[in-house]
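Let's take a walk through this structure together. Have a look at it first, and then we'll go through a couple of its features.

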Amino acid sequence: MPGEPNLTIESDPRSDDLVQPFRIDPFALRGRLVRLGPTVDRILSQHDYPEPVAAILGEAIALAVVLAGALKYDGIFTLQTKSDGPVRLIVADVSTEGAVRGYAQYDSARLGEAMMQPGQSPSVPELIGSGYIAFTVDQGENTERYQGIVELIGGNLAECAQHYFRQSEQIQAGIKLSAARSGADGAWRAGGLMLQRVPPEGGYTVIADDVEDGWRRAMVLMSSATPAELVDAELTPRRLLFRLFHDEGVRVYRTHPLEARCRCSRERIVRILRAFPAEDIEDMRKDEVTTVTCEFCNTRYEFAPEEFAPAESA
Ligand SMILES: [Zn+2]
């Protein structure tokens with residue numbers, strides 16, 4: 001493809017498990033392409049999820065990463081849905097360092113009829129039902145938590161996120177998500193693409209009508225990216241962006257790596273157990289072994305009674 005080398009600011013051979021930021025400066029557009037390979041496969045494989053649950057959790061993880069990249073924060077960004085459908089809870093979080101994790105709670109009996117259409121995003125009305133989606137930024141102790149919350153409105157998670165932006169942020173943004181088993185080994189992959197308008201401080205470099213045209217054209221181009229392209233291991237993030245936005249003058253920036261990493265630990269769980277009411281702790285101590293399983297990574301921790309003795313004897 002002629003001209004491509006001019007658009008790459010630096011070469012980066014990594015093409016999986018990363019956030020690829022980009023800009024289309026003439027129209028003051030910014031965006032991110034998220035590619036998840038082994039990271040999302042590991043998270044989804046830690047549980048024995050039915051396919052539609054794994055697919056929608058994969059999309060939720062891609063969405064969390066693509067949204068987190070839009071924020072300046074130092075801590076944890078969490079996406080959570082809570083709803084009345086077969087998948088009643090989804091949690092996905094991503095740290096500033098790029099550690100990603102997530103899990104879903106579902107009712108297998110009610111999942112039965114919720115089928116996935118090949119090549120389409122999992123349906124929010126069928127799988128998740130009615131409820132809300134919340135976005136939280138936690139920057140640690142002594143800082144204010146930011147939370148945005150909105151009703152789940154849309155056919156898929158990308159549409160629900162766009163509804164959120166229209167309702168609460170007044171940011172114009174387009175989002176595309178995809179999660180699928182891809183490649184010969186059937187491993188899970190996920191991808192996300194977000195494009196947003198960011199009015200430049202010094203005004204646009206092109207006239208207003210062109211800016212509107214540029215935005216609309218970029219949205220049309222973005223929607224032309226297929227779910228398969230978003231997760232295609234053979235199509236590098238740069239090549240996909242170049243294919244979509246070459247004529248608009250897309251420029252790519254330094255990528256941020258992602259990895260599947262849970263934050264659970266024995267110490268953390270002991271702290272939680274010790275914080276239980278005294279009578280609950282006494283009940284637990286009657287068992288020879290107390291088992292705690294991390295909902296995120298499915299790691300089982302076993303504790304002997306003396307390990308979580310009440311605080312006064314600790
Ligand atoms: Zn864990």
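Start at the zinc ion, keeping in mind that this is a predicted model. The four donor atoms around the zinc ion make angles of 101 to 116° with one another, so their arrangement is tetrahedral: to earn that label, four donors need all their angles to fall between 85 and 135 degrees.

Who are these donors? They're the SG atoms of Cys 262, Cys 264, Cys 294 and Cys 297, sitting 2.2 to 2.3 Å from the zinc ion. If you trace them along the chain, you'll find the spacing C-x1-C-x29-C-x2-C. Cys 262 and Cys 294 link distant parts of the chain, being 32 residues apart. You'll spot Cys 262 in the loop between β12 (259-260) and α10 (266-274), while Cys 294 is in the loop between β13 (290-293) and β14 (300-303).

Are these two cysteines buried or partly exposed? Cys 262 has a relative accessible area of 23%, so it counts as partly exposed. Cys 294 has just 8%, so it counts as buried. The cut-off here is simple: buried means under 20%.

Now hop over to strand β8, residues 173-182. This strand is mostly covered, with seven of its 10 residues buried. It pairs up with strand β9 (residues 187-197): the two run antiparallel and are joined by 10 bridges. For one of these partnerships, look at Arg 181, whose bridge partner in β9 is Trp 188. The hairpin of β8 and β9 has four residues between the strands, and Gly 183 takes a positive phi near 90° there.

Terms used. Residues are numbered from 1 along each chain as its sequence is written. This is a predicted model: local features need pLDDT of at least 70, side-chain atom pairs count only at pLDDT 80 or more; totals for chains, interfaces and linings use all residues. Side-chain values use heavy atoms; hydrogens and water are left out. Donors are N, O and S atoms within 2.8 Å of the metal (3.2 Å for Na, K and Ca); water is not among the atoms, so sites may look incomplete. Four donors count as tetrahedral if all angles lie between 85 and 135 degrees; four count as square planar and six as octahedral if opposite donors are over 155 degrees apart and all others between 65 and 115; anything else is irregular. Buried means under 20% relative accessible area, exposed over 50%, partly exposed in between (1.4 Å probe, protein chains only). Two strands pair if DSSP finds at least two bridges between them.
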